[in-house]
Amino acid sequence: MHPFSLERPRDLTAAFASGAQAGRNDAPAEFIAGGTDMVQLLQEQVRRPKRLVSLAGLLDNRIQMGPQGLRLGAAATMAEVAEHPAVIEQYPVISEALLNSASPQVRNQATMGGNLMQRTRCPYFRDVGYSACNKRIPGSGCAAIGGENRWHAVLGTSENCIAVHPSDLAVALVALDAAVEVRGAGGQRTVPLLEFHRLPDSTPHIETVLGPGELISAITVPANAAARRSHYLKVRDRASFEFAVVSAAVALDMDGARIRQARVALGGVGTKPWRVPRVEAALAGSTLDPDSLRSAAAVAAEGAQGRGHNDFKIELMQRAIVRAVEIAGARA
Ligand SMILES: Cc1cc2nc3c(=O)[nH]c(=O)nc-3n(C[C@H](O)[C@H](O)[C@H](O)COP(=O)(O)OP(=O)(O)OC[C@H]3O[C@@H](n4cnc5c(N)ncnc54)[C@H](O)[C@@H]3O)c2cc1C
Ligand code: SF4
C-alpha cells in the first residue's frame, strides 16, 4: 500500500478546507467514510492519495420520514437504511436494492454517501497491471472496449469508457427522483441524483459534479404515490455478494388494473444510474398484460450499444423491466 496520512478534522469546516476531492484519482487528498471501497482501492494501489480525510463523526446519520418524503443522512449505513421499518413500508425498492447489495458485514460499515461515490468494478480500472484505462490514467485508452466486456455498459457509453456505475442504491433512488444535498466551503446546494453522476464522454475520470472540498451531506427522496408499490430486481451471477449484471427498479402508481404512472431505472447497463422515461411513458395507461409490458420494455433498447460480450444485456434488461413491473404490480 502507498503511504498516506490519516487526518481527522474536528468539524466540517475543517473537512471542506482539507483540499480533499471526492472520487478523483488525481486528488492529493480524499475523503474516507466506511472505507469498504476506499481500502480495497488503496490495497490495490489504484488510489494513491497522500492524505486521507476521515468523515467519521462529522456527518448526519439520521433516517427521517415526513410529509415531504424521506431524508437519509450521508453517514447512515446501508444496513440501517435497509432495515428501517418506514423505508421497508414506504420505499421497498430502496430497502430491496440495499439488501441485494454486498454482504451483511459490508452493509454494517458502508455509508449512503460512500455508496453513491463508490468506483466502478471494471476489472481494468481495478488492476494497475493494465496500463490502458482512461478513468484511472486519463488519455491512456480503454482496455475494455476491445477486451473482455461482459460486465460493461450498453447505455451512455463513449469511445473513452464503457464502465458501469456499480451502485444498486443509486438505481432505486433515481427511479424515485431523489436528490443529494451537497455541502462545501461555499455553502449547500441540492442536486437531482440524475444529474449528479456524469456521463464519461471524453473525461471518464471525472465522475460527479462535486467540486473540490464538496461532499454529500444527505439524500432526499420526495413523497410519491408510486413509491409503496415498488420493487428492485437484480440479476447477478451468484445469489449474494455480487454486483448486478442487469437490474431494474420499478415504482408504480396504479388506477385499478391500469398503470397511472410508472418510474423505471436500470442498473448494470449504464455508465450512470439509468432512468428510462420513454419506457415510463409507454407504460402509462397500460395494463399488466405480458404483451403490453413487453412492448413498453422494448423502448429501453433504443440507443443501446453492445460491444460483443455484453450484447446479451440489451435483451436481458427488457426482461428485467417486465418482471419487475409484474412483481411491483402484484403488490397491494
Ligand atoms: C465485497 C463487496 C461487495 C459489494 N457489493 C455491492 C453490491 O452488490 N452493490 C452495491 O451497490 N455495492 C456493493 N459494494 C460496494 C459498497 O456498497 C461500497 O463499498 C460502499 O457503499 C461504500 O461506502 P463507504 O462508506 O464504505 O465508502 P468509502 O469506501 O469510505 O468511500 C468510497 C468513496 O466515497 C467517497 N465518499 C464517502 N463518503 C462521502 C461523502 N459523504 N461525500 C462525498 N464523497 C464521499 C470517498 O472519498 C470514496 O471515494 C460492495 C463492496 C464490497 C467490498
Ligand atoms: S471501461 Fe472505463 S474504467 Fe474500464 S478500462 Fe475502459 S476506461 Fe477504464
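**Cavities and a sheet**

About 140 Å³ of space lies in the largest cavity of this predicted model. Empty space of this kind is found by rolling a probe the size of a water molecule over the atoms. Which residues are the closest to the centre of the largest cavity? They are K135, H165, R198, E207 and T271, out of 17 residues that line the cavity. The lining of this cavity is mixed. Eight of its residues are nonpolar, five are polar and four are charged.

The structure holds four cavities of 30 Å³ or more. Take the second largest next. Its volume is about 80 Å³. It is lined by 16 residues, and C122, C133, N134, C142 and C161 are the closest to its centre. How does this lining divide by class? The second largest cavity has 11 nonpolar, four polar and one charged residues in its lining.

Now turn to the strands. Strands of a sheet pair through backbone hydrogen bonds, and the pairing can be parallel or antiparallel. In this model, five strands form an open sheet with antiparallel pairing. Read across the sheet, the order is 4-5-8-6-7. Which strands form the edges? Strand 4 (63-66) and strand 7 (187-192) do, and each pairs on one side only. From one strand to the next, the twist averages 20°.

Look at one pair inside this order. Strand 6 covers residues 179-184 and strand 8 covers residues 215-222. The two run antiparallel and are joined by five bridges. For one place to find by eye, go to V180, which stands opposite I219 in strand 8.

Definitions and conventions. Residues numbered from 1 in each chain as written. Chains lettered and ligands numbered in written order. Predicted model: local features only at pLDDT ≥ 70, side-chain atom pairs only at ≥ 80, totals over all residues. Heavy atoms only, no water. Pairing = 2+ DSSP bridges. Helix = DSSP H or I, 4+ residues; strand = E, 2+ residues; numbered from the N terminus. Axes fitted to C-alpha atoms, helices over the stretch in contact; angles between N-to-C directions. 1 Å grid on protein atoms, 1.4 Å probe; cavity = no way out; pocket = protein on both sides within 12 Å on 5 of 7 lines; lining within 4 Å. Points joined across faces, edges and corners; volume = space filled by probe spheres on them. Nonpolar A, V, L, I, M, F, W, Y, C, P; charged D, E, K, R; others polar.
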